[in-house]
Amino acid sequence: MKWQLLWNRASARPNPVGNVSDVADANEQILASLLVMAWMVEARDPYTGGHLWRVARYAALLCEAARLPADACASIAIGGFLHDLGKVGVPDAILRKPGKLDDAETAVMRTHPEVGMRMLSGHPLAELVSAVVLLHHERPDGRGYPHGLAGDAIPVGAAVVGLCDAFDAMTSTRPYRAGMPISQALSIIESELDRQFDGPLGRQFIALGRKGLLDHVAGHSDDGIPLQRCLMCGPTLVVRREHASGDSVFCRSCGGAYRLEAGADGALLGAVATGGRGSARELEPEPDTALIGRFVRETARLAIAAGAQAPARR
Ligand SMILES: [Fe+2]
């Protein structure tokens, strides 16, 4: 039958969720599928390689520094991974616009927290992350969105993820500007304490950054793996932990093909342009299921087991 042929062809490629191995618990499987969806939404913007991983890592580091309970740290890190799920509802012309959005475009962009919330409604794990998804663009001075909450009315998880998201945006390269140095982004956070960013959390984040404890995350797409530079587009090439010398990677912005080669020390893989371009098949967004599996096992398992919710208030 025709559908069987189609099914066989579709399943000839690794099944994203089924491949998140060693994730035995049903809730962990459900979470893994949600993380895969978030990955696919993020992949629509070619300049955000590694963004979800970095926001989740920064959030976990900040939660630990703030001495939040371990299960709350884990659920906030999950929120960091899922915070922009609602961007699936933002058109490409706005999502990928190089440069400043006009007022009408900004209004569309600002729908994403509520769209994300709607996507999660009725989901068995919604309680774990809904506050972060809905409220990560609120600000202590009340000038955020969607509800204009102020001060302690903003849940700690949303404040953590909002801060980490903004830091990653500042330190990441966009089509129209290079990412800024960590020290400069920390100074901007410092100047916006109690306005755009939570004061106590912001001070803890700045302290982490000034001790160099964010250096291994900024500009990386996994522990110990820096983003590689596309000759045309900048640091858009995501190298995965499972990649080996000789593997191909592609710039998701221009489609340029690169071959990974081990450096002199044999450890770090560098990207060398081949001069070719990826085919449509090669440029298909593909979630890093190994990374997602590790994230579920190493970080999320605790939150799921505890049925944790991020603490609502400080
Ligand atoms: Fe967002």
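This is a short talk on one helix pair, one sheet and a few backbone details. Keep in mind that the model is predicted.

I'll start with the helices. Helix α7 covers residues 112-120, and helix α8 covers residues 126-135. The two pack with their axes 8 Å apart, at an angle of about 165°. An angle over 145 degrees counts as roughly antiparallel, so α7 is roughly antiparallel to α8. Their crossing is left-handed.

Which residues make this contact? On α7 they are P113, E114, G116, M117 and L120. On α8 they are A126, S130, V133, L134 and L135. Sorted by class, the contact has seven nonpolar residues, two polar and one charged.

Next, the sheet. As general background, strands of a sheet pair through backbone hydrogen bonds, and the pairing can be parallel or antiparallel. Here we have an open sheet of three strands, in the order β5-β6-β7, and the pairing is antiparallel. Which strands are at the edges? They are β5, residues 248-250, and β7, residues 269-277, each of which pairs on one side only. From one strand to the next, the twist averages 35°.

Looking at β6 and β7 in detail, β6 is residues 256-262, and six bridges join it to β7. To pick out one position, R259 has V272 in β7 as its bridge partner.

Now the loops, where I have three places to show you.

The loop between α8 and α9 contains P146; helix α9 is residues 156-171. The peptide bond leading from Y145 into P146 is cis, with omega near 5°.

The second place is R67, in the loop between α3, residues 51-65, and α4, residues 70-82. R67 is not a glycine, yet its phi is positive, about 55°. Is R67 buried or exposed? A residue counts as exposed if 12 or fewer other C-beta atoms lie within 10 Å of its own. R67 has 8 within 10 Å, so it is exposed.

The third place is D194, which sits in the loop between α10, residues 182-191, and α11, residues 199-210. D194 also is a residue other than glycine with a positive phi, in this case near 70°. How many C-beta neighbours does D194 have inside 10 Å? It has 13, and therefore counts as partly exposed.

To recap: α7 and α8 are roughly antiparallel, the open sheet runs β5-β6-β7, and the bond from Y145 to P146 is cis. Positive phi values turn up at R67 and at D194. That is what I have for today.

Methods:
Residues are numbered from 1 along each chain as its sequence is written. This is a predicted model: local features need pLDDT of at least 70, side-chain atom pairs count only at pLDDT 80 or more; totals for chains, interfaces and linings use all residues. Axes are lines fitted to C-alpha atoms, for helices over the stretch in contact, and angles run from 0 to 180 degrees between N-to-C directions. Helices (H or I, at least four residues) and strands (E, at least two) are DSSP runs, numbered from the N terminus. Angles under 35 degrees count as roughly parallel, over 145 as roughly antiparallel, 65 to 115 as roughly perpendicular and the rest as oblique. A crossing is left-handed if the near helix is turned anticlockwise from the far one by less than a right angle, and right-handed if clockwise. Two residues are in contact if their C-beta atoms, placed from the backbone, lie within 7 Å. Ala, Val, Leu, Ile, Met, Phe, Trp, Tyr, Cys and Pro count as nonpolar, Asp, Glu, Lys and Arg as charged, and the others, Gly among them, as polar. Two strands pair if DSSP finds at least two bridges between them. A residue is buried if 20 or more other C-beta atoms lie within 10 Å of its own, exposed if 12 or fewer, and partly exposed in between; C-beta atoms are placed from the backbone.
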